[in-house]
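Trainee: Got a minute to go through this one with me? I'd like to start with charges and then look around.

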Number of protein chains: 2
Amino acid sequence: MTDPALRVTYTVRAAPGAVAERADALLLEQTVELPRRALRGRAGAERALGRVERIEPAGDDAYRVTLAQPLAATALDPAQLLNVLFGNSSLQPDVVLEDVELSEALRAALPGPRAGLAGWRELTGAAGRPLLATALKPMGLSPRELADLAATFARAGLDVVKDDHGLADHAFCPFEARVTACLEAVERAGRETGRRTLYLPNLIGTPERVRAQLAFARRAGAPAVMISPMLLGLPFLAELARDPGGLPLLAHPALAGTGRIAEVLLLGKLFRWYGADGVIFPQAGGRFRFTRETCLGIAEALRSPAAGIRPALPVPAGGIRVERAAELLALYGNDCMLLVGGSLYEAGPELERRARELVEGIARAAREGAAV
Amino acid sequence: MTDPALRVTYTVRAAPGAVAERADALLLEQTVELPRRALRGRAGAERALGRVERIEPAGDDAYRVTLAQPLAATALDPAQLLNVLFGNSSLQPDVVLEDVELSEALRAALPGPRAGLAGWRELTGAAGRPLLATALKPMGLSPRELADLAATFARAGLDVVKDDHGLADHAFCPFEARVTACLEAVERAGRETGRRTLYLPNLIGTPERVRAQLAFARRAGAPAVMISPMLLGLPFLAELARDPGGLPLLAHPALAGTGRIAEVLLLGKLFRWYGADGVIFPQAGGRFRFTRETCLGIAEALRSPAAGIRPALPVPAGGIRVERAAELLALYGNDCMLLVGGSLYEAGPELERRARELVEGIARAAREGAAV
């Protein structure tokens, strides 16, 4: 191995007497994909072949295996990096991808957030408190109905109103009509209230369609957009993040539940390295089953200082009750965005009042120092 | 629900008394993403809201739940279809995505294979026996070294020689130099032997890079290419499959081991519907852990007749020993491509002889009627 290493940690199930061989097989699988006896006489393979750096016990018949891989193997490409991390071994159920350490050269080859946490503060103008967001839903409404909801939330003072991630270019709600109507609605409400609410369209489709949606959203004046990187492909996230004609990206975790890539790594690190400015994740205690520790780990990974890469905004979501907002503020501090959806919608005709109470409640809690 | 349904089957873990509610929550999660009480007064939601069609016991505290979803919810888009199938519920560990039935309208909205199984037969000219393929490896070799290997395999009479899926645009082996050298090598060998061997470059990168690689490969005369749909994003597969400037696509399963999408569905159905002409999958008994039943299920799904969509080529791989080739022929019949890698490379300086024996062994076995 002739260049600085990429460190990749896995949990591997193996019997004590078999783990060294299993770790070596994992190493070979991720790059040269040949058994050692078949590498004889192929001197070039050394350019791509890393080494097993560490094997530590991690419970009964489980081990943490750390591989050092040569940077050259990644070709400094976002798709090939994924491949080196977990391409073939994702098909082996005894392996979980736990953690990754990037060298500086590799980090520089990935875009990282365009605007990051600070960018959302600038865009919204919100200071000294967490940001508050909601989603436009349910799927099935027309552009007009969604725009009316957007106006309601904007009047109530929410910072961000985003499309639900299932809003596509539907026959009953075409993308361009929706974006135009919703941008206009929050703009008008802002003129009334003097506060700014960002409307974020959801982009979804094949790469060409998403590029066309992005271009339209930008021309129409959208301040940022949302995508689901695991639906669209993580390499496409990296491409959009680096595009000079792009916008800040809020990342949604749809299809991210692989079960065998640690959530903190996928949502907290990879999403950020690949260019997400903010990352939505399911809050513990909601209708998903992430633990509190996982949620804090994701938030910490998104916000941690790192040379050459902006911190990104943690966005806990997924069944957050209005009543829990102050508790989450205590958990995450001010540097997050609370995404509250269903719990607001349950207010029915009282939607605006409930949204306003949420906004005021958070402002009060932040003033009273519930925030860290 | 006002239009023909998309049927989606999940296995859900739930107690007997709780399964009806769990199934309804799953239904809501995949489209409208609101609890029923929050849907009151939102008449439009009916356009997007499907129904729970069936709940059947599937073992202790496990149920097969079939949802009927309205086609309109998918927006007839490949990315949004994935979202409706498993977007949010992929984050819920009590749910496995088991099977999908497409209506004709939805199938028509997906590209399906461009050339399919019959296309590979035409391209190779091989009849009355399975196709034989190998991979160029290990990562680390130069274009010249890989081209020499390609020539060796072509002289031995293999039908297809593909890049290993880890061959990217590496500094030590640039994409364009590799493709040029390998195409030239199999062409020259073909003039000597009078047989045709296809060389398939591996495309990997962000969508823009992959498009540039595809354009180069096409101009250089590549007959088909390989991609890894789960690394690049399934929607991008659909885009490439529909592109008039595209080529037949061999799909590699890297990063496909989600554990919570049934392998037969993902590799046998979704890959085909989204446009793969052939699909590589790990053969049972190799170094991955797919069962024989799963492998046969994938092959059957890829080849099954279906209106308006070409059958695709099953490509068992992943630690297939040369000695097992005849057994696999008996298992799959002639309509498959056996991908043998490491087991050939272990022959070292005897590589060409071993490859030739494989070619002759399969021809003999097919003649002797081991095939079905």
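**Charges, chains and rings**

Mentor: Sure, start here: A:Glu208 and B:Arg211 make a salt bridge, and their closest N and O atoms are 3.5 Å apart. The term means a side-chain nitrogen of Lys or Arg within 4 Å of a carboxyl oxygen of Asp or Glu. Keep in mind that this is a predicted model, where local features need pLDDT of at least 70, side-chain atom pairs count only at pLDDT 80 or more, and totals for chains, interfaces and linings use all residues. Residues are numbered from 1 along each chain as its sequence is written, chains are lettered from A and ligands numbered from 1 in the order in which they are written, and side-chain values use heavy atoms, with hydrogens and water left out.

Trainee: How many salt bridges are there across the interface of chain B and chain A?

Mentor: The rule finds ten there. Over all chains, the search gives 52.

Trainee: Why would such side chains pair up?

Mentor: Opposite charges can pair when the charged atoms come close.

Trainee: OK, and what area is buried between the two chains?

Mentor: About 6,600 Å², with 57% of that from carbon and sulfur atoms. Buried area is the accessible area (1.4 Å probe) that two parts lose on being put together, summed over both. B:Arg42, B:Leu91 and B:Met139 supply 10% of what chain B buries against chain A, more than any other three residues.

Trainee: How many residues does each chain put into the contact?

Mentor: Chain B gives 79 residues and chain A gives 79 residues, where contact means heavy atoms within 4.5 Å.

Trainee: Switching topic: what rotation puts chain B on chain A?

Mentor: A rotation of 180° with 0.0 Å of shift along its axis, giving an RMSD of 0.0 Å. The fit is by least squares on the C-alpha atoms of residues with pLDDT of at least 70 in both copies. That is how a two-fold axis relates things. In chain B, the C-alpha nearest the axis belongs to B:Gly233, 1.9 Å from it.

Trainee: Back to salt bridges. What about A:Arg353 and A:Glu357?

Mentor: Their side chains meet at 2.4 Å, N to O. They sit four residues apart in helix H14 (residues 351-367) of chain A, so about one helical turn separates them. Helices here (H or I, at least four residues) and strands (E, at least two) are DSSP runs, numbered from the N terminus.

Trainee: Is A:Arg353 buried or exposed?

Mentor: In between: at 41% relative accessibility, A:Arg353 counts as partly exposed. Buried means under 20% relative accessible area, exposed over 50%, and partly exposed in between (1.4 Å probe, protein chains only). A:Glu357, at 39%, is partly exposed too.

Trainee: And the aromatic pairs, how many does the structure hold?

Mentor: Six over all chains. Rings of Phe, Tyr and Trp (its six-membered ring) pair if their centres lie within 6.5 Å; planes under 30 degrees apart are stacked, over 60 edge-to-face, and the rest tilted. One of the pairs is B:Phe153 with B:Tyr345, edge-to-face at 5.7 Å centre to centre and 70° between the planes.

Trainee: Where in the chain do those two sit?

Mentor: B:Phe153 is in helix H5 (residues 143-156) of chain B and B:Tyr345 in helix H13 (residues 342-345) of chain B, 192 residues apart. B:Phe153 and B:Tyr345 are both buried.
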